[in-house]
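Good morning, and thank you for making the time for this. Before I begin talking, please take a moment to look over the sequence and the model on the screen.

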Amino acid sequence: DDLFGDRSAVRTVVQEGPGRQRPEPGNEVRLSYTARSVANGSVVAESLEATYTIGAGAAKPREFSETLDRAVCLMTRSERASIVCTGGCRFGMEQEEVRVDVELHEIHEVMDVSFDKNGSLLKKRLRQGEGHAKPRAGFSATILLEDVRAWPSGDALVPDLPREIVITCGDGQVCDALELAVVEMYRGERAQLTCFDMALCADAGLQFELGVPSPAGATSVVF
């Protein structure tokens, strides 16, 4: 793929990913890249297992950001590709050809899972799950709850975590925040849940009472 139509940055697929979903500008992804001089093989830039927001201009060097953005938007999860930046014009280096090896590990898709789709409960996927089936009302689901913290303070709110619990979806055994998130997840998926409406975290009297408080000064709770 000629990313800019002038042969200044040419992408080649090294290993195709298993899926079809491709990230879009504004999406957060997890990726690795290593840039080497074609002339002598020396590493001129590297970023491993990094969280990257497409379009934010955060690549190093900054001149490479637009090239990386275009390349990543053509990739699927687990795909590996190489980009040859000719003459350094897309890498901020004078008179040197650079090869960049890129691997897209994950697309951190963000979904509004609140009742009213008003942004009060957001689920960010950290690891893609398996299959195509989501749990429905009456189905049993096993949840590994790793951490619960207040934001922006970062204070831990629930002791004795991580903790594994088994629930029946829709039976009201856990707070609404967890109920709403679980039915939008696939087997093996790992996600971060951000709740801006503290009422959705209320679980007093439920079978699995975590006792999430409403800390002073907190704007949200992150699971």
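Let me start with a term that we will need right away: two strands are said to pair if DSSP finds at least two bridges between them. Please also keep in mind that what you see is a predicted model.

With that term in hand, we can turn to S4 and S5, which run antiparallel and are joined by six bridges. One of the residue pairs you can look up here is Ser 82, whose bridge partner in S5 is Asp 101. S4 also pairs with S1, again in the antiparallel sense and over six bridges, and in that pairing Arg 11 stands opposite Ile 83 of S4.

These strands come back when we look at helix H1, which spans residues 65-72 and is mostly covered, with six of its eight residues buried. Those buried residues are Ser 65, Thr 67, Leu 68, Asp 69, Ala 71 and Val 72, and what covers them includes the strands S1, S2, S3, S4 and S5.

Next, I would like you to find an open sheet of five strands, which has the order S6-S7-S11-S12-S9 and antiparallel pairing. S6 and S9 stand at the edges with a single partner strand each, so one side of each is left without a neighbour in the sheet. Neighbouring strands of this sheet are turned by 25 degrees against each other on average, with direction ignored. At the S9 edge, three antiparallel bridges join S9 to S12, and Trp 151 has Ser 220 of S12 as its bridge partner.

Let us now move to the nonpolar cores. The largest has 28 residues, and those touching the most other members are Leu 121, Val 148, Leu 178, Leu 193, Val 212 and Phe 223. Two or more residues come from each of S8, S10, H2 and S11, and the largest share, five residues, comes from H2. If you centre your view on Phe 223, you will find among its contacts Leu 145, Val 148, Leu 178, Leu 193 and Cys 201. There is also a second, separate core of 25 residues, which includes Phe 4, Val 29, Ala 59 and Leu 68.

I will finish with Glu 189, which lies in the loop between H2 and S11. Is Glu 189 buried or exposed? Its relative accessibility is 10%, and because buried means under 20%, Glu 189 counts as buried. The residues that Glu 189 touches include Lys 123, Arg 125, Arg 127 and Glu 184.

Technical notes
Residues are numbered from 1 along each chain as its sequence is written. This is a predicted model: local features need pLDDT of at least 70, side-chain atom pairs count only at pLDDT 80 or more; totals for chains, interfaces and linings use all residues. Side-chain values use heavy atoms; hydrogens and water are left out. A nonpolar core is a set of buried Ala, Val, Leu, Ile, Met, Phe, Trp, Tyr and Cys residues joined through side-chain atoms within 4.5 Å. Buried means under 20% relative accessible area, exposed over 50%, partly exposed in between (1.4 Å probe, protein chains only). Helices (H or I, at least four residues) and strands (E, at least two) are DSSP runs, numbered from the N terminus. Contact means heavy atoms within 4.5 Å. Axes are lines fitted to C-alpha atoms, for helices over the stretch in contact, and angles run from 0 to 180 degrees between N-to-C directions. Lists of a residue's contacts leave out its neighbours within four places in sequence.
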